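Let us walk through this model, from its charged pairs to its nonpolar interior. Keep the sequence and the 3D view side by side.

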Amino acid sequence: MKVAIFPGGFDPLTRGHLDIIKRGSQLFDELAVVVNSEVDKESIFTVDERVEQIKYLMSPYDNITVITANELNVKLMDRIGAQYLIRGLRNTTDFQRERDVASMNVHLDNRVETVFMLTDPKYQHISSTLIREYAKSGKDVSDYLPAMVAKQLEEKIQEIKQQ
C-alpha cells in the first residue's frame with residue numbers, strides 16, 4: 001500500500017489545501033492529513049477545530065484520515081508506515097524551501113520520498129497567513145475558503161474584536 005502524509009498548520013484550511021488533499025487522495029491508497037499541533041500565537045483556530053473542519057470536509061473520502069502530530073515528519077512517517085510526503089508548491093520560494101527540507105528528510109531517513117504538487121493557479125497567491133491577515137483587517141476572504149471555514153473564521157474574528 002502506498003501511504004502518504006500531507007502535513008501543515010491549516011489555519012485556516014484554504015481551497016488550495018483542499019485541492020492538494022483531494023488530488024493526493026487519488027494518488028495514494030491512504031492519505032493522512034497531519035495538523036501540526038504546535039501552539040502558535042498567531043493561530044485563529046485551535047488544533048481540535050482544524051481537525052474537525054478537515055474531517056468534516058473530507059468525510060466523503062474513505063482513504064483520508066486526519067491526525068495531529070508534534071514530531072518530525074520522518075518520525076511520524078516511520079511510526080504510521082507512510083512512505084510519501086506531499087508538499088504543495090505555490091511559487092519558487094516554496095520550491096526552494098521545500099527542496100531543502102526534502103533533502104534533509106532523505107538525510108534523516110532515505111526511505112522518505114517527497115512528492116511536490118503544484119497548487120492550482122487560482123490559489124497560488126494565497127497562504128493561510130495572508131488569509132488571517134486580511135480577515136483580521138475586515139476584508140472578505142471567502143473566495144479562498146470552504147464555506148464552512150469562512151463562516152467559522154468570520155465568527156472567530158468577531159470574537160477576537162470583542163475581547
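Is R90 buried, partly exposed or exposed? R90 counts as partly exposed, at 27% relative accessibility. Bear in mind that this is a predicted model. The side chain of R90 meets that of D94 in a salt bridge, with 2.9 Å from N to O. D94 counts as buried, because its relative accessibility is 15% and the cut-off for buried is under 20%. This pair therefore joins a buried acid to a partly exposed base.

Salt bridges can also share partners. D78, D109 and R111 are joined into one network in this way. The structure holds 10 salt bridges in total.

Now turn to E71 and R79. Their side chains form a salt bridge, at 2.5 Å from N to O. E71 counts as partly exposed, at 31% relative accessibility. R79 has 55% and counts as exposed, since the cut-off for exposed is over 50%.

Next comes a pair that spans the sequence. K156 and E49 form a salt bridge, and their closest N and O atoms are 3.0 Å apart. K156 sits in helix α6, residues 147-162, while E49 sits in helix α2, so the bridge ties together parts that are 107 residues apart in sequence. Which of the two residues is buried? K156 counts as buried, at 15% relative accessibility. E49 is partly exposed, with a relative accessible area of 28%.

From charges, move to the nonpolar interior. In soluble globular proteins, nonpolar side chains tend to be buried together. Here, the largest nonpolar core has 19 residues. Which members touch the most others? They are I21, I54 and I86. Several elements feed this core. The strands β1 (3-8), β2 (30-36) and β3 (64-69) each supply at least two residues. The helices α1 (15-27) and α2 (47-57) each do so too. Helix α2 thus appears twice in this tour: it supplies core residues, and it carries E49 of the bridge to K156.

Take I21 as a closer look at the packing. Set aside its neighbours within four places in sequence. I21 is then in contact with F6, L13, L31, V33, M58 and I64.

There is also a second, separate core, made of 12 residues. Its members include I126, I131, L153 and I157.

Note on methods
Residues are numbered from 1 along each chain as its sequence is written. This is a predicted model: local features need pLDDT of at least 70, side-chain atom pairs count only at pLDDT 80 or more; totals for chains, interfaces and linings use all residues. Side-chain values use heavy atoms; hydrogens and water are left out. A nonpolar core is a set of buried Ala, Val, Leu, Ile, Met, Phe, Trp, Tyr and Cys residues joined through side-chain atoms within 4.5 Å. Buried means under 20% relative accessible area, exposed over 50%, partly exposed in between (1.4 Å probe, protein chains only). Helices (H or I, at least four residues) and strands (E, at least two) are DSSP runs, numbered from the N terminus. Contact means heavy atoms within 4.5 Å. A salt bridge is a side-chain nitrogen of Lys or Arg within 4 Å of a carboxyl oxygen of Asp or Glu.
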